Amino acid sequence: GDGSCPHKPGACLTDEELHVGVCYKKCNLLTEGKYPYRSAAATCCKYDSEMECLKIGASVTSADYETGGGKGDNDASTPGSIHPPQQSLTEAVAPVSASLPGQQALMDAVSTTEPTPAFDSVMDTGAEDVGPLKPVEMMHDGNVCGDVEELFEGLCYRKCSLLTNGEAPVRTSAWTCCEGHPCGLTNQHKGAGVPTICHGYGVSGDGSCPHKPGACLTDEELHVGVCYKKCNLLTEGKYPYRSAAATCCKYDSEMECLKIGASVTSADYETGGGKGDNDASTPGSIHPPQQSLTEAVAPVSASLPGQQALMDAVSTTEPTPAFDSVMDTGAEDVGPLKPVEMMHDGNVCGDVEELFEGLCYRKCSLLTNGEAPVRTSAWTCCEGHPCGLTNQHKGAGVPTICHGYGVSGDGSCPH
């Protein structure tokens, strides 16, 4: 999946790389980016070339490099020594049947009890090597999202074909997938529980909230739409989960992170993954997903009606609306750093926002100067009910989330 040789079923840890069928901690991490390419079990090299690695000074060898990614994290399920790919990281249980001749024999040959590479985050599933920190991506496939993602209404979601094991490959909303067109109640699929964004089928490639087109670096994680260097790397595995811009936590739980000693905060954690690598194309500061990491050029053609117009409408050069701060419009003073908000009005969004299908949007009454105060979709407002073509309003350009009427109180994406 990462463009290297085929391997036995399973995966490495996220801070490991696969070399000759074995998982090792990444040379890029072990050598602080100076020798990012593994050329042997205990050798890291400056270049991704066997011939170049033979030159004097091109490589460095140490027994310390022959190690697994889980060393020192006190977690028995993340190996501290080198190991084959672990199937426990890719499948909860072993397949119990096989539909193809010889498939069961193959599964027997690669016993599921065999400890065996973690593919990195959402963006490491392509076939083009673009640098030690840049994700391996199919750069000419017309997909501005990660290879396991699809673009829908301006945001990147995990592909419906993957979420439904190929049964319903057509995304029809932020949280539903369909078996085909026309889509109806009989052929529509949704995730477990109440349909909402950031849950069920309304997730990005790595299971977090959908995001604008682009990708983070391989040593970064996406948090509230922004790429940060992974807490797991910054804290040497002690506080692996990011809970805020400058805070890392021991647990993947907001409630658990509130406990004393569960989290650690430092300005040093608010950093990008490329800091110190002397590469201008890998940001050293926090940043939104980079579209240059997922697609070499913008798509030049479109197979669906209006698709090219949609791509034009979500151009990255389009300026963000200069709305005032979302929260500074209320009437109750709640502290020097806290926003001034109406705290007892039943509105869980900002005072200039309204809640619609689990997200906060700028109020239609403000967007339309009171002409169409009823929000009827992510990008449309109506003068009243019933809503139809004659009394429906939308923003300029092609309707899409994060633009036009599909924005939050400050003009950014709904939240």
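**Exercise 1. What is the torsion about the S-S bond of C249 and C257, and is the disulfide left-handed or right-handed?**

Let's work through this one on the predicted model shown above.

- Step 1: Check the bond. The sulfur atoms of C249 and C257 are 2.1 Å apart, and a pair counts as a disulfide within 2.5 Å.
- Step 2: Read the torsion. About the S-S bond of C249 and C257 the angle is about -110°, so this disulfide is left-handed.
- Step 3: Look at the surroundings. Both C249 and C257 are buried.

**Exercise 2. Describe the link of C160 and C177, from the bond itself to the parts of the chain that the pair links.**

- Step 1: Start with the sulfur atoms. C160 and C177 are joined by a disulfide with an S to S distance of 2.0 Å.
- Step 2: Add the handedness. The S-S torsion here is -75°, which makes the link of C160 and C177 left-handed.
- Step 3: Place the two ends. C160 sits in helix 4 (residues 160-163) and C177 in strand 9 (residues 176-178); the two are 17 residues apart, and the pair links distant parts of the chain.
- Step 4: Check the burial. C160 and C177 are both buried.

**Exercise 3. Work out the handedness of the link of C198 and C209, then decide whether each cysteine is buried or partly exposed.**

- Step 1: Confirm the pair. C198 and C209 form a disulfide, with 2.1 Å between their sulfur atoms.
- Step 2: Take the torsion. It is 120° about the S-S bond, and the link of C198 and C209 is right-handed.
- Step 3: Find the location. Both cysteines lie in the loop between strand 10 (188-190) and strand 11 (220-223), so the disulfide ties together parts that are eleven residues apart in sequence.
- Step 4: Apply the cut-off. Buried means under 20% relative accessible area and exposed means over 50%. C198 has 22%, so C198 is partly exposed. C209 has 37%, so C209 is partly exposed as well.

To put these three pairs in context, the protein has 13 disulfides in the count.

**Exercise 4. How do strand 1 and strand 2 pair, and which way do the side chains of strand 1 point?**

- Step 1: Establish the pairing. Strand 1 (residues 16-19) and strand 2 (residues 22-25) run antiparallel and are joined by four bridges. E16, for instance, has K25 in strand 2 as its bridge partner.
- Step 2: Look at the connection. The two strands form a hairpin with two residues between them, and V20 in the turn has a positive phi of about 50°.
- Step 3: Sort the residues of strand 1. E16 and L18 point one way, E17 and H19 point the other way, and all of them are buried.

**Exercise 5. In the sheet of strands 13, 14 and 15, find the edge strands and explain what they lack.**

- Step 1: Write down the order. The three strands form an open sheet, 13-14-15, with antiparallel pairing.
- Step 2: Identify the edges. Strand 13 (241-244) and strand 15 (263-265) each have a single partner strand, so one side of each has no neighbour in the sheet.
- Step 3: Gauge the turn. Ignoring direction, neighbouring strands in this sheet are turned by 30° against each other on average.
- Step 4: Inspect one pairing. Strand 14 (residues 247-249) and strand 15 pair antiparallel over three bridges, and T247 stands opposite T265 in strand 15.

**Exercise 6. Summarise the whole protein: how many helices and strands, and what share of residues is buried?**

- Step 1: Count the elements. There are seven helices and 20 strands.
- Step 2: State the burial. Of the 415 residues, 41% are buried.
- Step 3: Finish with the surface. The accessible surface is about 22,400 Å², and carbon and sulfur atoms account for 55% of that area.

Definitions and conventions
Residues are numbered from 1 along each chain as its sequence is written. This is a predicted model: local features need pLDDT of at least 70, side-chain atom pairs count only at pLDDT 80 or more; totals for chains, interfaces and linings use all residues. Side-chain values use heavy atoms; hydrogens and water are left out. Buried means under 20% relative accessible area, exposed over 50%, partly exposed in between (1.4 Å probe, protein chains only). Accessible areas come from the Shrake-Rupley method with a 1.4 Å probe; for residues, only the protein chains shown count as cover. Two strands pair if DSSP finds at least two bridges between them. Axes are lines fitted to C-alpha atoms, for helices over the stretch in contact, and angles run from 0 to 180 degrees between N-to-C directions.
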